[in-house]
Amino acid sequence: MFKRKNKNKNAMFLPSHKKKNDTIEAYAFLAPALLLFVVFTVAPFILSFLFAFTDYNGVEFSGFVGTENFKLILQDKYFMSSLKNVLVFAIFYVPLSIISSLIISFLVSKIKIKHNIFKVILYIPSLTSGAAMIFVWKSLLGALNVELGLGHMAMIVVIAISLYGCLGGNMLIYLAAMAGIDSKVYEAAEIDGASKFNQFLHITVPLLKSSTYFIFTTTLIGCFQLFDLVYLLGLYNNYNVITPVVQIYLSAKELRFGYGSAMACILFVVIMLVTVITQLFVKENDNEKKLFGNKNNKYTKKYQKWKQI
C-alpha cells in the first residue's frame, strides 16, 4: 500500500516536469530564429537610432552631433520631395490595388474552370522575383519607346507596375474571404429581388471589410518602403518619383550613415503616425451585425429566416 502511494505521488509530478521539458525544447527550436531576429532586426534598429545623432561614416566615429542631422533633413528639399512623392503614390496606388483586386477576385470566384487556371495565371506575378519582373518591364518600356524622363510619366509607370505585382496576393486573400461567406446570404438577397451588382455592393463588399482592412494597412505601409522599383528602373535622379528609402540608400552609398540613419528615424515616425491614424478611422467591426443590424435593411428579414433553417 505504501509503495502504491509513492507511485501515485510521483505520477502527480510528471506533468509539470514534462511541461518544463516541452518549454525548454520550444525555446531551443526558437533560439536560431530569435538570434537572427535580434542580430538583423533589433540590433540594427537600435544602432540606427544611435547613429542618427552622430556623423558616423561607416569607418570612423568622431562623436555626437546632437540633432544637427535632423535639422539638415528638414531643410533638405530632396528628402521632403521624396515624402511628397510617396504620399502621392499611396493616394493612387492603395485604392486602385484594393478596388482592382476586389473586382478581379469576384469575377474569378464566379468562373468555374477545372484546376483554377485563372487563379494560377493571375498569381504568377506575385511568385516571380521583384527584380526579374522590373527588368522585364524595363525591357518592354524600352521596346515601346516610353520615355520616363524627369516628368510625371515615371510615377504613372511605377504605379502600373506595382499594381501588376500586387494583384495576385490580394486576390488570394479576397478569394479565401469570399469562400467563407454563407451562400444563404446571397440566396436571401436573390429571393428579395437583388441584382448581382447589388449583391456584390451590399453583401460581398461589407462582409470583406476585415480583409480589406488588412490589405489597406499592409499596402499603405509598403508604399513608404518602396525602393527596388524606383532604383532598378534608374529613376533615382527623378525627383518626381524618388522615395525616402532610395534617399536613405544613396546616403549610405555616400558614406553618410549618420544622416541616413536620421532619415530612417523620420520615416519610421511617419509610418507610425500614418498607421495610428488609419487605425483610428478604419476599424474592424462585426460586419454581419453592421450589415444586417439595421431593421430597415431590405435584406434583414430574409437573412434572419435563412439563418433559422
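Helices here are DSSP runs of H or I at least four residues in length, and strands are E runs of at least two, numbered from the N terminus. On that reading, the elements of the protein chain in this predicted model run α-α-α-α-α-α-α-α-α-α-α-α-α-α from the N terminus on. The tally comes to 14 helices and 0 strands.

As for the overall packing, 32% of the 309 residues of the protein chain count as buried. Take the contacts between residues at least 6 apart in sequence, and 72% of them turn out to join residues at least 24 apart. On the outside, the protein chain exposes about 19,700 Å², with carbon and sulfur atoms supplying 68% of that area.

The inside comes next. The largest nonpolar core is made up of 57 residues, and the ones with the most contacts inside it are Ile-73, Phe-89, Val-158, Ile-161, Leu-229 and Leu-235. Leu-229 gives a feel for how this looks up close: with neighbours within four places in sequence set aside, Leu-229 touches Ile-134, Val-158, Ile-161 and Ser-162.

Helix H6 covers residues 153-179, and it has a kink of about 40 degrees centred on Leu-167. What about the end-to-end span? With 27 residues at 1.5 Å a residue, H6 should span 39 Å, and its end C-alpha atoms do sit 39 Å apart, so the two figures agree.

Then there are the cysteines. A search of the whole structure turns up 0 disulfides. For Cys-166, the closest cysteine sulfur belongs to Cys-223 and lies 9.2 Å away, so the pair is too far apart for a bond; the cut-off for a disulfide is 2.5 Å between sulfur atoms. Seen from the other side, Cys-223 is in no disulfide either, its nearest cysteine sulfur being that of Cys-166. Both side chains are tucked away by the accessibility criterion, where buried means under 20% relative accessible area: Cys-166 counts as buried because its relative accessibility is 13%, and Cys-223 counts as buried because its value is 0%.

One backbone oddity rounds things off. Leu-255 has a phi near 60 degrees, a positive value in a residue other than glycine. Leu-255 is found in the loop between helix H11 (244-253) and helix H12 (257-281). With a relative accessibility of 45%, Leu-255 counts as partly exposed, since that class takes in whatever falls between the 20% limit for buried and the 50% limit for exposed.

Terms used. Residues are numbered from 1 along each chain as its sequence is written. This is a predicted model: local features need pLDDT of at least 70, side-chain atom pairs count only at pLDDT 80 or more; totals for chains, interfaces and linings use all residues. Side-chain values use heavy atoms; hydrogens and water are left out. The expected span of a helix is 1.5 Å times one less than its number of residues. The bend at a residue is the angle between axes fitted to the seven residues ending there and the seven starting there. Buried means under 20% relative accessible area, exposed over 50%, partly exposed in between (1.4 Å probe, protein chains only). A nonpolar core is a set of buried Ala, Val, Leu, Ile, Met, Phe, Trp, Tyr and Cys residues joined through side-chain atoms within 4.5 Å. Contact means heavy atoms within 4.5 Å. Accessible areas come from the Shrake-Rupley method with a 1.4 Å probe; for residues, only the protein chains shown count as cover.
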